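Student: Hey, I've just opened this one for the first time. Can you walk me through it?
Tutor: Sure, have a look.
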Amino acid sequence: MSGPECCENPPALSSRSGHGSVLELGGFNTYVSGPPTSKHAILFVSDVYGYEAPNLRKLADKVAAAGYYVVVPDFLCGDPYTSDKPLSIWIQSHGTEKGFEDAKQVVAALKDRGISAIGAAGFCWGAKVVTELAKSDNIQAAVLLHPSLVKVDDMKEVKAPIAILAAEIDKISPPELIKQFEEILSSKPEVDKFVKIFPSAKHGWTVRYNVEDKEAVQQAEEAHQDMLDWLTKHVK
């Protein structure tokens with residue numbers, strides 16, 4: 001996960017972004033959007049820039065508009081990555097193992113609220129957390145968007161239906177690795193899968209796009225629709 005790709009085009013974080021609100025869920029400040037009475041929830045696990053990224057919250061609102069209760073917890077605990085320190089240092093106190101344990105708390109809190117089906121989408125760093133959730137019965141569907149830290153062996157353990165949306169230009173998870181993921185998933189007919197590599201897309205394109213760049217927005221929106229289609233298919 002080292003290298004500049006993970007950190008390119010950092011968002012201008014804003015606690016006021018989005019149409020939803022922030023409340024406590026499972027012990028974490030959490031951006032929530034959508035009908036709180038819905039029995040179907042979607043958990044977003046952010047990239048290293050955390051839950052205040054405006055494009056991430058905008059996407060949460062878009063999924064919420066389809067009728068889901070969408071939750072975006074602050075698993076980085078108020079300490080998103082900044083260029084002040086090397087990523088290799090920051091990641092030491094923000095491991096995905098802890099992210100997974102934290103995510104399980106939020107899943108439990110959602111179930112306590114009467115949620116009957118949960119999907120999870122992870123971006124970059126968050127994709128590893130979601131992959132861990134997908135190895136158990138915690139969630140009904142997983143979506144990985146430009147994943148980081150996910151290994152071939154992880155795919156062997158996946159149980160939940162999984163979609164992988166990847167970039168053609170990605171040193172962290174290059175197309176060769178994504179194709180290996182697909183091969184392993186293909187050998188597991190009991191696991192529904194969808195794998196797509198987006199031509200000319202760069203790592204982070206689904207949430208770190210420039211809103212002024214029409215082509216970048218279209219490319220991101222195509223991935224958003226694929227994600228929503230997958231969640232709609234399995235979280236019901």
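Tutor: One term to begin with: buried means under 20% relative accessible area, exposed over 50%, and partly exposed in between (1.4 Å probe, protein chains only). This is a predicted model, where local features need pLDDT of at least 70, side-chain atom pairs count only at pLDDT 80 or more, and totals for chains, interfaces and linings use all residues. Residues are numbered from 1 along each chain as its sequence is written, and side-chain values use heavy atoms, with hydrogens and water left out.
Student: OK, so is Ser200 buried, exposed or partly exposed?
Tutor: Ser200 counts as partly exposed because its relative accessibility is 46%. Ser200 also has a positive phi of about 65°, though it is not a glycine.
Student: What's notable about that?
Tutor: Most residues other than glycine have a negative phi.
Student: And what is the phi of Cys77?
Tutor: That's positive too, about 55°, and Cys77 is not a glycine either.
Student: New topic: how many disulfides are there?
Tutor: Zero, in a search of the whole structure; a disulfide here is a pair of cysteine sulfur atoms within 2.5 Å. Cys6 is in none, and its nearest cysteine sulfur, in Cys124, is 3.1 Å away.
Student: Why is Cys77 not bonded to Cys124?
Tutor: Because the Cys77 sulfur is 18 Å from that of Cys124, its closest cysteine sulfur, which is too far for a bond.
Student: Back to Cys6: buried or exposed?
Tutor: Cys6 counts as buried, because its relative accessibility is 0%.
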